[in-house]
Structures are given as C-alpha cells and as structure tokens.
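The following exercises invite a newcomer to work through a structure step by step. Try each task before reading its solution.

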Amino acid sequence: MRDACEVAVVGGGPVGLYLGLLLAHAGVDVRVLERRAAVSPHSRAVGLHPPALEAFDELDGLGHTLAQQGVRIRRGVVRGPSRTLGELSFAGTSATHPYVLALPQRQTETVLEQALCARNPDALTRGVEVTALVDRGVEAQLTVQGEGRTRQLHARYVVAADGRRSAVRDAAGLPFPGHTYPMTYLMGDFPDTTAYGTDAAITLSAGGVVESFPLPGGLRRWVAQTPALVAQPQAHQLTRLLADRTGLHVPAGECTMLSAFEVRRHLAPRFRAGRILLAGDAAHEVSPIGGQGMNLGWLDARDLAPRLVAALQGDTGPLDGYGRARRHSAARAARQAELNMWLARPLHGAEGRWRERMMAGLLASPASRLLARAFTMRGR
C-alpha cells in the first residue's frame, strides 16, 4: 500500500468494491481498505435488482457475468392462509434484466473483487483497519493499522463504505439518527424441497409472514417473522414455524445458514463532511425486507464516482451536490420497506381479512405492474 492516493475507500464489502472498481475504470488512483482478511462466508444479502445489474453492465457486462452465477427470479407468488392470492411478475421491469437475481453476497463480492484486482492489482488491501482519520482541508490523513505495522495514508478524498457502525462516519462527526422497528425475523438456508422452482414465495398467515427465495446450488432461503428476537436460534425453531404457517416440511438437519435479526431505519442528514463522504449502510440503513439495502449502496457508488472524478480534475461543483438525491432515494426505500412490513403483518380479525382481500385485488389489477416496479427499485 502506497502512502498517498487520490481516493481512499474504507470498507471492502460490496459497495466499497464496486466504488473502487468504478474509480479504477476511470483511471483514479484508489485504495480500498478492508479489515477482513477474506470475503465473509456468511451471506445476509442475496438480492440484486435490475437497476444495479444495469449499472454493473456498464463495466464490461459485469451484470451479465453475475447473472450467469445466480438464480433469476422472474415472479413472486403470494399465498394467504388458505389460498393463493396472486402473483407478481417482473417482466417489463428491465429490457436486459427483467428479474431479481438471487446470488449470495459472498459470491457477488468475489466477482467484484476479481474485477477490481484485474483492473488494478494494488487497489485492494485486506487485513487492515483505519484507526484514526483527520480532515486537514487540502487532504485527509488516515492512520492504517495492519500487516504488522502502522502507516499514514494521505488521500484527497475518503469514502466511508464501512457499514452502519461506520468509524469513518463517526470520525467525520456526522450523526446517524434512526430507530429500531418492533418486527423481528428468523432466517435460514436449506435444500429446496418445494415445487416453487425459480419463483419467490410469500405466505401471509395469522402467525406472521414467511418469505422464501431460490438460491444457487439447489438451496432456498426462508425468512419468517417471529414474536420476539430469538437469542440463540436453532434450525428446528425455523422449520417448525414454516410447517405451521405454510404446511411445508423443511429438513432442519440440513440447514447451511441461520440468523435471527431485527430491523432498523437510519439516515445521515448529510452524506459529506469536507473531504469525507458516505455511501451504502454508512449513509443509510433500511429494513432488509425487500432486499434494497445493498442495491441502494451500489446506486450511491454509481452516483458518487463521476462526481469524485470531476472533483479530482478541479470541478468540485458536482461533488457539492452529492447526497441530496441519494437521501431522497434512501427515504423512499425505507418507506417501501415499511409498506412491505405492514402488508406482511400477522393476519388477525377483520383487519387481516381486509388486508388479504386488498392484496388479492392489487395483484389482479393493473396496479400490479406498479408494485413490480416498486419491488425492483425502479426509480431509485
């Protein structure tokens, strides 16, 4: 790692890698600093939406490269307690990628890392941590610890892509207001024993929603709402919920990933402080229900990269405008996620029956096309 660069990206997850790749393609001297020594085997995010895939295609057809490795979900089936309420088709949401691509985050990160290293083998440094950051006005100075020593790295701009607990955001003095929702969920990956094939499936019930998505390798991801956060989740707890709410029996002993989680909403009031900028979960956090968070971060990066290139060339005007449109997109995504969670609440009493009828009516009407566009993040 050299002691100076034009842009330092802190965080080598999916957003940091993509931003680094965009900047490297533009000829920028970029350094992506990642604390993890390797890509994490744990994949929480699995959904790639059409706008992100279209953006990836601008980099030597990378969206199609990813699409070859994932499962193309072209429709979602919505079930009620006793009947199928309808389906949501993603046909027409994109000329090139009319689907949601299911691909585990670890595989997506691997493809992005390979593309970045092919473009600039020195761009990514793993196993290092930024322990201090000072904006000196004409440049930013980072203290980087790792590889057995501590170094000073000087950068004209620094981008925080280090997640919702961003140390860079804290060092810049940028607040991160938000709150935690009362909804909690249990998530796991199992061999796909259903007849859904490449369809996503959502089941509404009195106990709470169950969502499932096909994954590569003959797996299926299941997400079930729980009454409270499960402290020490066990696979049989999830499979019991699935059996009770869907009537489907999933082999608990063949679970390959299990996680309990709660959902939060946070949004930084601004995405820039001097030479420090925010992208991805460091800038905003939305509910994972709907799979928008990672994709929002990629669209942040796509918006930010040309602004940084212009600033490095002496035109800081575009960079001054960074954040306004992206904050608006994040707020819209948060509202969409809240709507998703509201529609999927447990079906109780008259209100639950009304919500079930409303969902069936929407899916059978021309409004379903608008729902498909919203679900696939058109306009984000």
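**Exercise 1.** In this predicted model, decide whether phenylalanine 271 and tyrosine 322 are buried or exposed, and then describe how their rings are arranged.

*Solution.* Begin with accessibility: phenylalanine 271 is buried, and tyrosine 322 is buried as well. Next, locate the two residues, since phenylalanine 271 belongs to the loop between β16 (257-267) and β17 (272-273), while tyrosine 322 belongs to the loop between α8 (317-320) and α9, so that the pair links distant parts of the chain, 51 residues apart. Finally, consider the geometry: the centres are 6.0 Å apart and the planes stand at 55°, an aromatic pair that is tilted.

**Exercise 2.** Find how many aromatic pairs the whole structure holds, and work out how the rings of phenylalanine 56 and tryptophan 298 are paired.

*Solution.* A search of the whole structure gives 6 aromatic pairs. For phenylalanine 56 and tryptophan 298, the ring centres are 4.8 Å apart and the planes meet at 70°; because planes over 60 degrees apart count as edge-to-face, this pair is edge-to-face. The pair ties together parts that are 242 residues apart in sequence, because phenylalanine 56 lies in helix α2 (residues 50-57) and tryptophan 298 in helix α7 (residues 293-312). Both phenylalanine 56 and tryptophan 298 are buried, and ring pairs join them with Tyr18 into a cluster.

**Exercise 3.** Describe the surroundings of valine 158, starting from its relative accessible area.

*Solution.* Valine 158 has a relative accessible area of 0% and is therefore buried, and its place in the chain is strand β11 (residues 149-160). Leaving aside residues up to four places away in sequence, the contacts of valine 158 include Ala8, Val10, Leu133, Val168 and Ile276. As a last step, compare sequence with space: valine 158 and cysteine 5 are 153 residues apart along the chain, and their C-alpha atoms are separated by 9.9 Å.

**Exercise 4.** Identify which residues make the nonpolar surface patch of about 280 Å², and then find where charged side chains sit over rings.

*Solution.* The patch is made by Leu339, Trp342 and Trp354. Of these, leucine 339 lies in helix α9 (residues 324-343) and counts as partly exposed, because its relative accessibility is 37%. Turning to the rings, the charged end of arginine 355 sits over the ring of tryptophan 342, 5.8 Å from its centre, and arginine 169 lies over the face of phenylalanine 176, at 3.8 Å from the ring centre.

Key:
Residues are numbered from 1 along each chain as its sequence is written. This is a predicted model: local features need pLDDT of at least 70, side-chain atom pairs count only at pLDDT 80 or more; totals for chains, interfaces and linings use all residues. Side-chain values use heavy atoms; hydrogens and water are left out. Patches are made of residues with over 30% relative accessible area and no salt bridge: like charges are joined within 9 Å, nonpolar side chains (Val, Leu, Ile, Met, Phe, Trp, Tyr) within 5 Å. Accessible areas come from the Shrake-Rupley method with a 1.4 Å probe; for residues, only the protein chains shown count as cover. A salt bridge is a side-chain nitrogen of Lys or Arg within 4 Å of a carboxyl oxygen of Asp or Glu. Helices (H or I, at least four residues) and strands (E, at least two) are DSSP runs, numbered from the N terminus. Buried means under 20% relative accessible area, exposed over 50%, partly exposed in between (1.4 Å probe, protein chains only). Contact means heavy atoms within 4.5 Å. Rings of Phe, Tyr and Trp (its six-membered ring) pair if their centres lie within 6.5 Å; planes under 30 degrees apart count as stacked, over 60 as edge-to-face and the rest as tilted. A charge sits over a ring if NZ of Lys or CZ of Arg is within 6 Å of the ring centre and within 35 degrees of the ring normal.
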